[in-house]
Amino acid sequence: MGFDLERFQGDVDEELVCPICSSVLEDPVQALVCEHAFCRNCIQEWISRQPICPLDRTPITGTQLRPAPRILRNLLARLCINCDNLAHGCQAIIKLDSLGTHLEECEFNPKRLIPCEQGCSLIIPKDEIKNHNCVRELMNLIQSQRQKLSDMKRELSEQQFQLNEQKREIQLLKEFMKAIRISNPLMKTIADQMERDEVVRWSGTLPRARVTRWGGMISTPDELLQTLIKRTLSEINCPSHVINELMENCHERKWPPGLNSLETRQNSRRLYENYICKRIPGKQAVLVLQCDNTHMPEDMIVEPGLVMIFAHGIE
């Protein structure tokens, strides 16, 4: 429906009047074929019953409607109209294109949102202030928040259940693959090669690192430090089948013979610079992967590799 003609100051050109509702056009659209203009809601309701122009009976459909030409919209914008809240005391006369902004700020608008000054500070329509009860509304708000919290808990519970089911299925699949490997040596060889290839591809995504102070190496990192490094490895998509092995190899008890004691480490210091190291982002730690260090002596590297954690000295 359009705007009531009686609300406007002066005469309104008939080209600006909707032929369906006989009011001034609101959100005007034009039929491409016949070029007649209508209120959007009026013509959409009309063609839902009979898809023809109400003026010349030309067949039209909703896809043939387009926004009215700019000149028509400019003419409408210049019309002066009374405020919707005239009955509530507003005497303002504004341009039609400013009506929406005025209504949001109009002090006579019974639906204008204002803060309650009785204590709860809730934002409510002006015409509901007289019947507003702070305690009741706050209780309703609390109940609503409780319901939202309950819904969130239920959703999280469902997600956790699905996650547990996925973990269970993955574990069953791992056990199945393990059984196949044991029963079929060829499958074991193929699977092992696929896992090695996955580590090689992952290694290729990691940036090179340089250790400037090998003396800062931590040979027996505590559990908390290991947990932080493991979490970072997971975040950078470390293949799941090697992540635990890599973390176990960060302690000197799992290091290769050339590193597993203070004496052997001192004797092997000249070889450290030959390691190809990959940076663990955000941590004073590097990965020394077997696939990157096939040039190193057997007593200086283990498969799939090891994590070296430092107090300082990583670039």
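In this predicted model, R210 and E315 are joined by a salt bridge in which the closest N and O atoms lie 2.9 Å apart. The two residues belong to distant parts of the chain, since R210 sits in the loop between β8 and β9 while E315 sits in the segment after β12, 105 residues apart. The count of salt bridges comes to 8, and the strands that frame this pair belong to an open, antiparallel sheet of 5 strands.

**The sheet and its helices**

- The strands of the open sheet follow the order β8-β10-β11-β12-β9, with antiparallel pairing.
- Because β8 (208–209) and β9 (217–218) stand at the edges with a single partner strand each, one side of each is left without a neighbour in the sheet.
- Strand β10 (residues 277–279) pairs with β8 in the antiparallel sense over 2 bridges, and within this pairing R208 has K278 in β10 as its bridge partner.
- Helix α6 (residues 223–235) lies across β9, β11 (285–289) and β12 (305–310), and runs at about 125° to β12.
- Helix α7 (residues 240–248) also packs on the sheet, where α7 touches β11 and β12 and takes a direction that makes about 50° with that of β12.

**Salt bridges and their exposure**

- In the pair formed by R210 and E315, R210 is partly exposed, with a relative accessible area of 47%, whereas E315 counts as exposed at 51% relative accessibility, because the cut-off for exposed is over 50%.
- A salt bridge also forms between R265 and E252, with the closest N and O atoms 3.3 Å apart; R265 lies in helix α8 (residues 262–267) and E252 in the loop between α7 and α8, so this pair ties together parts that are 13 residues apart in sequence.
- Of these two residues, R265 is buried, with a relative accessible area of 12%, while E252 counts as partly exposed at 23% relative accessibility.
- K278 and D292 meet through their side chains in a salt bridge of 3.4 Å, N to O; as K278 lies in strand β10 and D292 in the loop between β11 and β12, the pair ties together parts that are 14 residues apart in sequence.
- K278 counts as buried at 8% relative accessibility, and D292 counts as buried at 19% because buried means under 20% relative accessible area.

**A nonpolar patch on the surface**

- V135, M139 and I142 make a nonpolar surface patch of about 300 Å².
- Within this patch, V135 is placed in helix α4 (residues 134–183) and counts as exposed, at 58% relative accessibility.

Terms used:
Residues are numbered from 1 along each chain as its sequence is written. This is a predicted model: local features need pLDDT of at least 70, side-chain atom pairs count only at pLDDT 80 or more; totals for chains, interfaces and linings use all residues. Side-chain values use heavy atoms; hydrogens and water are left out. Patches are made of residues with over 30% relative accessible area and no salt bridge: like charges are joined within 9 Å, nonpolar side chains (Val, Leu, Ile, Met, Phe, Trp, Tyr) within 5 Å. Accessible areas come from the Shrake-Rupley method with a 1.4 Å probe; for residues, only the protein chains shown count as cover. A salt bridge is a side-chain nitrogen of Lys or Arg within 4 Å of a carboxyl oxygen of Asp or Glu. Helices (H or I, at least four residues) and strands (E, at least two) are DSSP runs, numbered from the N terminus. Buried means under 20% relative accessible area, exposed over 50%, partly exposed in between (1.4 Å probe, protein chains only). Two strands pair if DSSP finds at least two bridges between them. Contact means heavy atoms within 4.5 Å. Axes are lines fitted to C-alpha atoms, for helices over the stretch in contact, and angles run from 0 to 180 degrees between N-to-C directions.
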